[in-house]
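Let's take a walk through the inside of this protein, starting with its empty spaces and ending with the packing around them. Keep the viewer open as you read.

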Amino acid sequence: MAETNVASGSSLAVKHYSAALFANTLKGSTAIDSLVGPVEPSVAMQKIAGQTNPGMPIVRIDNLMKSAGDVVSLDLVDTVGGEPLMGDVNREGRGSALSFSSMEIKIDLSSKVIDAGGSMSQQRTKHQLREIALAQLSGYFPRLDAQETLVHLAGARGSQTGSDWTVPLQSAPNFGSIMVNPVKAPTFNRHFVVNGANLTSGGQQLGSIVSTDALRVSHLDLLRKRLDDMDQPLQSVKLAGDRAAQTSKMWVFLATPNQYSLLLTEGSLRAFQQNAINRAAYFDERHPLFAGEVGMWNGILVIKNERAIRFMPGENTKIVTAANAATAAETDQAVNGALTAGYAIERGLLLGAQALGVAYGKTRVSGMQFGWKEHWYNFESNLEVMGEKVCGKAKTRFSIDDGTGFKVPTDFGVIAVDSVVPL
């Protein structure tokens, strides 16, 4: 078999490896990656920049034809309410005005450089060195992508660290530039803290949280009740091929590993797991969200995520208080410093449709969302490559009528749920 030796800097290498980086990042390896739907093929959807399925928690916009630093605007048409006009009354000039809310997503260039080595150039061809570098970048970018998504949705980075974390702590000087768009704390009406058998609104409850405030299946019932009672609830998640989507609404709860383990200790474990199996049976094909460690309760599909947004006793995190609900101004809140040793706070996420906007631009080197650049040195024996992406993410937040005529900043598709976990 003849061996292909692609020349340095060839357009073939650029296109091939750029496409591979993008495909591998979208394919990913975590539950978060399964929360993005396929790009809708309809003409109507094509007119709004290749937007992915609006029934999914993460909405991706691909064909923006932007370069680094551009800003994309997303708009929400508010639901029309009010009384109907009855009988033969004059209806002219009495139409309800359409009301719009909007937000912007900035996109920027992110890069990662890998030195693929190559001291044994006779044993490793240029093509093989590229494959080695691609394998490294194909692991790095999906981790970065999943962590950016998690941090934006949670509205905080937390303090969990490890060698697999690519997003630095929130205190790091480069945190803001890496996240591209501001990481916004949960709005007051989208933040709950476990308080015994109850859920307390707002993050101030973190100051008095105790070791018994663990997440239970009964709290999932409370979450569903809150959803049913909300004037503007999270839109339900609609997965491709779900024949029961119209009659059986579903939301997704992204649990930390510790939260998920606690739910498995409940006496209702068998029903918790069987409910997920029963719901999966309504799909034309088994959806990847049901392939991992999952359970289901009261219309909420609980998925075990591999990472946690964690706060230790005495640490500060940003919250929105009840007094600042109308402005979403953030303040510092300390986690109860007297919390029993060996316990911490972790944040689960209840997701509905359109919780996060992900905007991709085009890199100059490839004309695609991801780019590949390479540099040969040491007499063309060693290879250094750079993967890059033009992307920006932002939690969807709009000012929504609270039912009394006032518009309140609201996280459109995500609710943060804080609880105590043993470490």
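The lining of the second largest cavity is made of six nonpolar, two polar and two charged residues. This is a predicted model, by the way, so treat everything below as computed from predicted coordinates. The space inside that second cavity comes to about 40 Å³. If you want to pick out its wall, select Leu150, Leu254, Ala255, Thr256, Asn305, Arg307, Ala308, Ile309, Arg347 and Leu349. Two strands, E7 (251-255) and E13 (343-351), each put at least two residues into that wall.

How many cavities of 30 Å³ or more turn up in a search of the whole structure? The search finds two, and the largest has a volume of about 50 Å³. Around the largest cavity you'll find Ser110, Glu148, His152, Ile178, Met179, Val180, Lys389, Cys391, Gly392 and Lys393. Helix H3 (126-154), helix H4 (175-179) and strand E16 (382-395) each contribute at least two residues to this lining, and E16 is the top contributor with four. By class, the lining of the largest cavity splits into four nonpolar, three polar and three charged residues.

Now for the packing. In general, nonpolar side chains in soluble globular proteins tend to be buried together. Here, the largest nonpolar core has 64 residues, and Leu301 and Leu349 are the members that touch the most others in it. H3 is the biggest supplier of this core, giving 11 residues. There is also a second, separate core of 22 residues, with Leu220, Trp297, Val302 and Val417 among them. Leu349 has already come up, as part of the wall of the second largest cavity. Its partner in the ranking, Leu301, is worth a closer look: leaving out residues up to four places away in sequence, Leu301 touches Met250, Trp251, Val252, Phe253, Ala276, Leu289, Phe290, Val294, Gly295 and Met296.

Next, hop over to a polar residue. Asn336 sits in the loop between strand E12 (331-334) and E13. Is Asn336 buried or exposed? Asn336 counts as buried, because its relative accessibility is 15% and the cut-off for buried is under 20%. What does its side chain reach? One contact goes from the side chain of Asn336 to the backbone oxygen of Ile209, at 2.8 Å. Another runs from the Asn336 side chain to the backbone nitrogen of Ala338, at 3.0 Å. Setting aside residues up to four places away in sequence, Asn336 touches Leu206, Gly207, Ser208, Ile209, Pro313 and Gly314, so Ile209 appears both as a touching residue and as the owner of that backbone oxygen.

One more stop is Val408, in strand E18 (residues 407-411). Val408 is buried because its relative accessible area, 13%, falls under the 20% cut-off. Measure from C-alpha to C-alpha and Val408 lies 7.9 Å from Phe398, with the two 10 residues apart in sequence.

Finally, zoom out. The protein has seven helices and 19 strands. Of its 423 residues, 50% are buried. As for contacts with a separation of 6 or more, 71% of them join residues 24 or more positions apart.

Technical notes:
Residues are numbered from 1 along each chain as its sequence is written. This is a predicted model: local features need pLDDT of at least 70, side-chain atom pairs count only at pLDDT 80 or more; totals for chains, interfaces and linings use all residues. Side-chain values use heavy atoms; hydrogens and water are left out. On a 1 Å grid over the protein atoms alone, a cavity is a set of points where a 1.4 Å probe fits but cannot get out, and a pocket is an open set with protein on both sides within 12 Å along at least five of seven lines; lining residues have an atom within 4 Å of a point. Grid points are joined across faces, edges and corners, and a volume is the space filled by probe spheres set on the points. Ala, Val, Leu, Ile, Met, Phe, Trp, Tyr, Cys and Pro count as nonpolar, Asp, Glu, Lys and Arg as charged, and the others, Gly among them, as polar. Buried means under 20% relative accessible area, exposed over 50%, partly exposed in between (1.4 Å probe, protein chains only). A polar contact is a pair of N or O atoms within 3.5 Å; within protein, one must be able to donate a hydrogen and the other to accept it, and residues adjacent in sequence count only if both atoms are side-chain atoms. Contact means heavy atoms within 4.5 Å. A nonpolar core is a set of buried Ala, Val, Leu, Ile, Met, Phe, Trp, Tyr and Cys residues joined through side-chain atoms within 4.5 Å.
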